[in-house]
Amino acid sequence: TPPTAAPVDGVSYSALLTVPLGASQPLRADRQYVVRVKVSADADSPRNALLVGVADGTESGAHIVGFVRHDRQSDALGAAVGGVLARNHDALQLESGQFAAADGGERAADNGVPAHFELELVLGGGATRVLASASGARAPLDAFVDTDLYGLDVTAPLTLVVLQRGERSRESSTLRLLSATIDEVRVGCDGRPNSGKRLDACGVCGGDNECVGCDGRPFGAAYDSCGVCDGDNTTCCVNYCD
């Protein structure tokens with residue numbers, strides 16, 4: 001089971017970029033959606049820990065979920081995050097102590113900071129799942145964000161937000177937003193968009209009903225040695241008959 005983000009202290013982020021995330025039609029609270037984002041960002045900047053996420057507003061109190069690309073001090077690819085935004089005059093920030101994070105994924109062998117990464121956020125359905133991959137990474141990130149604390153209001157106008165750790169400065173990372181889309185999806189029981197996996201009769205995700213008995217019921221009857229469903233082995237001769 002993917003980990004769930006835990007509270008984090010001592011780190012703050014400030015916004016570099018906000019872009020309205022349009023959808024072809026109004027989103028519904030009872031549906032599930034996937035936001036896909038591709039980003040190219042300078043990996044050599046002294047300030048290369050970036051947060052790319054989706055927020056349900058750009059004012060104080062808005063919620064954001066997304067992915068943090070770690071700097072060189074971590075072996076993990078990054079972290080799934082959820083938090084509450086705060087506005088300080090013209091600056092949009094994610095303040096220390098206002099968010100949770102779960103590290104995951106694994107960098108390339110040289111532990112370099114990836115310049116290109118892709119993000120999928122699966123919204124709705126009682127959970128927010130964060131999936132992130134990057135060029136050269138050994139393993140992707142896969143984690144959940146607590147929707148009770150940091151769930152997005154998908155019916156509100158959504159905004160793609162890119163934040164940088166610390167204050168904005170001349171050292172800000174050079175970044176390019178390559179693409180950003182949002183689509184309604186059917187999420188499988190494995191939490192992945194359009195996987196097609198469902199719970200079988202035994203409650204196993206993607207299973208093949210192995211627990212179904214000869215009577216057609218889960219954990220039901222079995223054939224006896226005579227081939228009789230739910231039999232007692234008395235309807236056939238074994239070795240000889242009297």
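Okay, let's start with C214 and C229: a disulfide joins these two, with 2.0 Å from sulfur to sulfur. Keep in mind that what we have here is a predicted model. Both cysteines sit in the segment after β12, the strand at 175-184, so this pair ties together parts that are 15 residues apart in sequence.

For anyone who hasn't met one of these before, a disulfide is a covalent bond between the sulfur atoms of two cysteines.

Now, which hand does the link between C214 and C229 have? The torsion about the S-S bond is about 85°, so this disulfide is right-handed.

And how accessible are the two ends? C214 has 24% relative accessibility, so we call C214 partly exposed. C229 comes out at 31%, and is partly exposed too.

So how many disulfides does a search of the whole structure find? The answer is two. Let's go to the other one.

That one is formed by C202 and C211, and their sulfur atoms are 2.0 Å apart. Here the angle about the S-S bond is -105°, and the link of C202 and C211 is left-handed.

What about these ends, buried or exposed? C202 has a relative accessible area of 18%, and buried means under 20%, so C202 counts as buried. C211 is at 16%, so C211 is buried as well.

To put the two side by side: the C214 and C229 link is right-handed, with partly exposed C214 and partly exposed C229. The C202 and C211 link is left-handed, with buried C202 and buried C211. Have a look at both pairs in the structure above.

Key. Residues numbered from 1 in each chain as written. Predicted model: local features only at pLDDT ≥ 70, side-chain atom pairs only at ≥ 80, totals over all residues. Heavy atoms only, no water. Disulfide = S-S within 2.5 Å. Buried < 20%, exposed > 50% of the residue type's maximum accessible area, 1.4 Å probe, protein only. Helix = DSSP H or I, 4+ residues; strand = E, 2+ residues; numbered from the N terminus.
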